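Visitor: I should like to learn how the features of a protein model are read. Please take me through them in turn, with the general idea first where there is one.

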Amino acid sequence: MAVPRKLASVQRIADIQPIPNADNIEVATVLGWHCVVRKGEFKPGDLCVYFEIDSLLPMTDDFSFMKNQKPVKSYVDGKEYIGYRLKTITLRGQISQGLCLPLYILKGKRYPNDTRENPVYEFKEGDDVTSLLGVVKYEPQIPPNLRGEVKGPFPSNIPKTDEVRIQEFPQLLERYQGIPFYVTEKVDGMSVTVFVENGELNVCSRNLNLKDNDNTIWRTVKSLGLLEKLSSLDKHIALQGEFIGPGVQKNPLKLNTNEILFFNVYDIDEGKYLDYKEFVAMCDKLNVKRVPLLDENFMLPKTVDELVNVATRNSVINPNVMAEGIVVRPLHEMRDVDIGRLSFKCINPKYLLKNDG
């Protein structure tokens, strides 16, 4: 099961550093993120409310300082929200990812399910205050040619595709020193899960099982002959990949045709993901493409910044454009106490600056 993302949480300022040629701002480190703050507003060790990139902040007085930014719409669980989206930006040459605000922004707020007359909360490091502040994740509406009609919810016996960002869990780098990992290119598209149940092919987006109404995704899946291929196996598996190309996320890789690059094989019968070598063998057997492999014997660096340097690269798929980043997984599947399945991503900040519009 995916780890719930803390879009707004109470966190501790780990470090403060000056920004060259900047009189009024400095850079704070929170978890594994670097965030520009007003000079003197925080010192190392202070608690703050940290908002991650892709948070949609409500249009309330608390965030009136963002009123010069054009509001955008987000679509979460079929409901439309309007607010201010936090994006990766640069200020005086310093990349800033997220927003740090003093704890006083929490004063007088009430969790939606708290029916007490005058609730008082004691906040501590790590507390999730997303719902308290009315923050949701920015999710753009899926274009009609990809959306299709809904057959049902995403199946409960298959994990949804979602990777935590290493900046949220920097402790993973120390925890797994010396263990071999493999690294693949993170591809910016639309998540697709494909499986066969009772002789019927199923195609899912990140959250929904889609009807076969001859949309672009279904046509691409059918072209791979996956009904016959998956039905011929002696086990039930789900293929998970990224649907990319024209009409998907503004086609950042500048491709001429749509395709699916797979990154997971999940054994439904056993309730587990296949190890790396088994995953490669299964993709080869089914004759489907995988996301580009960058390194199959990767040792974790000691800092997030070092891993960000690895992720800051051009794409293998189209070397003329930047890669979205990397995904890092152990060669043998492992479980972690904090995130569950040991798998995380590191996004290329330069990619976000160019494509996060």
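Visitor: How many aromatic pairs does a search of the whole structure find?

Guide: The model is a predicted one. A search of the whole structure yields eight aromatic pairs. To classify such a pair, one looks at the distance between ring centres and the angle between ring planes, an angle over 60 degrees being edge-to-face. For Y111 and Y121 the centres are 5.0 Å apart and the planes stand at 80°, so this pair is edge-to-face. Both Y111 and Y121 lie in the loop between β10 and β11, so the pair ties together parts that are ten residues apart in sequence.

Visitor: Is Y111 buried or exposed?

Guide: The cut-off for a buried residue is a relative accessible area under 20%. Y111 has 19% relative accessibility and therefore counts as buried.

Visitor: What is the geometry of the ring pair Y266 and Y273?

Guide: Their ring centres lie 4.9 Å apart and their planes meet at 70°, so Y266 and Y273 are also an edge-to-face pair. Y266 and Y273 are both buried. Y273 has a further partner: the charged end of R341 sits over its ring, 3.7 Å from the ring centre. Elsewhere, ring pairs join F51, F63 and F65 into a cluster.

Visitor: In what order do the seven strands of the open sheet run?

Guide: The general idea is that strands of a sheet pair through backbone hydrogen bonds, in a parallel or an antiparallel manner. Here the order is β12-β17-β16-β15-β18-β19-β20, with antiparallel pairing. The edges are β12 (150-153) and β20 (272-273); each has a single partner strand, so one side of each is left without a neighbour in the sheet.

Visitor: Over how many bridges do β18 and β19 pair?

Guide: Strand β18, residues 237-244, and strand β19, residues 259-267, pair over eight bridges in the antiparallel sense. Within this pairing, A238 stands opposite Y266 of β19. Y266 belongs to the edge-to-face ring pair with Y273 described above.

Visitor: Which strands does helix α3 lie across?

Guide: Helix α3, residues 216-223, lies across β15, β16, β17, β18 and β19, and it runs at about 130° to β16. Its buried residues are T216, I217, W218, T220 and V221. Just after α3, G225 adopts a positive phi of about 65°. A further helix, α5 (residues 276-286), lies across β18 and β19 and runs at about 125° to β19.

Visitor: Which residue takes a positive phi in the hairpin of β6 and β7?

Guide: The residue is D77, with phi near 50°, in a hairpin that has two residues between its strands. The hairpin strands, β6 (residues 72-76) and β7 (residues 79-85), pair in the antiparallel sense over five bridges. One such bridge joins K73 to I82 in β7.

Visitor: Where does R92 lie, and is R92 buried or exposed?

Guide: R92 is located in the loop between β8 (89-91) and β9 (94-96). With a relative accessible area of 58%, R92 is exposed. Its phi is positive, about 55°, although R92 is not a glycine. K254 can be read in the same way: it has a positive phi near 60° and is a residue other than glycine. K254 lies in the loop between β18 and β19, and at 56% relative accessibility it counts as exposed.

Visitor: Which residues is T130 in contact with, leaving aside its neighbours within four places in sequence?

Guide: With those neighbours set aside, T130 contacts K6, L7, A8 and V135. T130 is placed in the loop between β10 (99-101) and β11 (136-137), and it is buried, with a relative accessible area of 11%. A polar atom of the T130 side chain lies 3.2 Å from the backbone nitrogen of L7.

Visitor: What distance separates the C-alpha atoms of T303 and Q171?

Guide: The C-alpha atoms of T303 and Q171 are 9.3 Å apart, while the two residues are 132 residues apart along the chain. T303 lies in the loop between β21 (293-298) and α6 (304-311). At 36% relative accessibility, T303 counts as partly exposed.

Notes:
Residues are numbered from 1 along each chain as its sequence is written. Side-chain values use heavy atoms; hydrogens and water are left out. Two strands pair if DSSP finds at least two bridges between them. Helices (H or I, at least four residues) and strands (E, at least two) are DSSP runs, numbered from the N terminus. Contact means heavy atoms within 4.5 Å. Axes are lines fitted to C-alpha atoms, for helices over the stretch in contact, and angles run from 0 to 180 degrees between N-to-C directions. Buried means under 20% relative accessible area, exposed over 50%, partly exposed in between (1.4 Å probe, protein chains only). A polar contact is a pair of N or O atoms within 3.5 Å; within protein, one must be able to donate a hydrogen and the other to accept it, and residues adjacent in sequence count only if both atoms are side-chain atoms. Rings of Phe, Tyr and Trp (its six-membered ring) pair if their centres lie within 6.5 Å; planes under 30 degrees apart count as stacked, over 60 as edge-to-face and the rest as tilted. A charge sits over a ring if NZ of Lys or CZ of Arg is within 6 Å of the ring centre and within 35 degrees of the ring normal.
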